[in-house]
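Subject: Structure handover

Hello,

Here is the structure I promised to pass on. Please open it alongside this message; my notes follow below.

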Amino acid sequence: MTRMLVTGGAGFIGSALVRRLVGAGHEVCTLDALTYAGTRTSLRGVDPHPRHRFVEGDIRDAGTVADVFASFQPDRVFHLAAESHVDRSIDGPGAFISTNVTGTYVLLEAARAYWDKLPGAAQARFRFLHVSTDEVYGSLGAEGAFSEHSAYDPSSPYSASKAASDHLVKAWTRTYGFPAMISNCSNNYGPYQFPEKLIPLTILNTAAGRALPVYGTGEHIRDWLHVEDHASALDLIAAQGQIGATYTVGSRNERRNIDVVRTICAEMDALRPEAAPHDRLITFVEDRPGHDARYAIDPTRLEQDLGWHAHHGFADGIRATIRWYLENVDWWQPLQARYAGARLGVT
Ligand code: NAD
């Protein structure tokens, strides 16, 4: 049993990770500020749980963060707390700089002070995994894929703030010998994703007979990874990854946005033939400024060095995700007011 601190554990990916870690027998502490994007209902099954502690707190609050380290005494930290929606970062970048950059700095300093005072064996065991995005690398042309060797070239305030946080983590490792690693992941999908993001928004709008907004001509390409495959990668990287290394995480699932939306429409046609064809709801809207054309991940290092493999295929994964949203109205309905009028986003 290991003691795991998860920041942002009431969010989409964090809650999948907390479920996995508690399920594997670990002691877990979630630290989450419960912003508009976080809800404890995403932790159903593990909150409450005898091996899970929930702390409502902000990673920018040095006192709160220091208290969590002192009282919980983690062996590993998974840092996922962030402002995560590109469109919101375009409308208001301030919160992204504050949480993603300053918040990461506050967390790193608290973690370093704690790690510095650990006794020898515990200090050697301690790891900090910073969870980041492939968006830090900017946009790809028609060929190639991002890897650990790709240059940073962020396009949006969101990706720039995540790039800045990655650089802080690298600097803390090089300067202080702090035992951190970074993972840069492609777009996730699956249960408990906040409904302002492309896949859940499309599912819920299709079910309600509302317009399905698609940016530009829908040609933008994303590389979709099931959130449980991402959680398994994070678990493995924190346990066996090399200090100072970056791992790019993806499952070779490139899709044009318009094809993702059409796939959901086709699934809904089969489930609700009386409302078919659902693709009549597709509405092309003005493109997002600075919209990256294509993301793709080369996960070879993660596969070869750590033996990771994705288990969810996109066709089955998207079908299961659609059913999950249709069956879990009690999870998303209370959140509706938080994203009413939100623009469409893909990450
Ligand atoms: P999310 O928006 O669903 O969840 C973020 C969580 O962080 C929420 O529970 C929120 O309450 C919490 N939070 C926000 N600000 C906080 C603060 N100041 N202090 C404490 N908690 C705070 O995001 P997600 O999609 O689960 O993404 C998690 C992480 O993974 C982020 O760092 C994101 O950049 C990264 N990531 C996401 C994707 C994706 O496709 N969703 C892909 C690659 C990387």
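**Helix packing, ligand shell and backbone oddities**

Let me start with one helix pair. α7 and α11 are oblique to each other. Please keep in mind that this is a predicted model.

The numbers behind that pair are these. Helix α7 covers residues 198–208 and helix α11 covers residues 314–327. They pack at an angle of about 60°. Their axes are 10 Å apart. The crossing of α7 past α11 is right-handed. On the α7 side, the contact uses I199, P200, I203, L204 and A207. On the α11 side, T321, I322, Y325 and L326 meet them. By class, this contact has 8 nonpolar residues, 1 polar residue and no charged ones.

α7 also packs on α9. Here the angle is about 40°, and the axes are 10 Å apart. That makes α7 oblique to α9 as well. This crossing is right-handed. From α7 come L198, I199, T202, I203, T206 and A207. From α9 come N257, V260, V261, I264, C265 and M268. The contact divides into 9 nonpolar and 3 polar residues, with no charged ones. I199, I203 and A207 of α7 appear in the contact with α11 and again in the contact with α9.

The third pair is α1 with α8. Helix α8 spans residues 227–240. The axes of α1 and α8 come within 9 Å and cross at roughly 60°. α1 passes α8 in a right-handed crossing. α1 contributes F12, I13, A16, L17, R20 and L21. α8 contributes V227, E228, H230, A231, S232, L234 and D235. This contact does include charge: 3 charged residues, with 8 nonpolar and 2 polar.

**Ligand shell**

Which residues come nearest to the ligand? Of the 32 residues around the ligand, they are G8, G11, A33, G38 and A82. Three elements give two or more residues each to that shell: α1 (12–23), α4 (94–116) and β5 (127–133). So α1 serves in two places, as an element of the ligand shell and as the partner of α8. The shell has 13 nonpolar, 14 polar and 5 charged residues.

**Domain record**

UniProt, in an unreviewed entry, places the feature "domain: NAD(P)-binding" at residues 5–320. Over residues 5–320, the chain is 42% helix and 17% strand. The C-alpha atoms at the two ends of that stretch are 29 Å apart.

**Backbone points to check in your setup**

Where are the cis peptide bonds? One runs from D47 to P48, with omega near 10°. P48 sits in the loop between β2 (27–32) and β3 (52–56). Another runs from A276 to P277, with omega near -5°. P277 is in the loop between α9 (257–271) and β13 (282–285). That loop follows α9, the helix that packs on α7.

Q73 is the other backbone point. Its phi is positive, about 55°, although Q73 is not a glycine. Q73 lies in the loop between α2 (62–72) and β4 (76–79).

Best wishes

Methods: Residues numbered from 1 in each chain as written. Predicted model: local features only at pLDDT ≥ 70, side-chain atom pairs only at ≥ 80, totals over all residues. Near = placed C-beta within 6 Å. Helix = DSSP H or I, 4+ residues; strand = E, 2+ residues; numbered from the N terminus. Nonpolar A, V, L, I, M, F, W, Y, C, P; charged D, E, K, R; others polar. UniProt positions renumbered as here; feature names shortened; annotations may be inferred. Axes fitted to C-alpha atoms, helices over the stretch in contact; angles between N-to-C directions. Parallel < 35°, antiparallel > 145°, perpendicular 65-115°, else oblique. Left-handed = near helix turned anticlockwise from the far one by under 90°. Contact = placed C-beta atoms within 7 Å.
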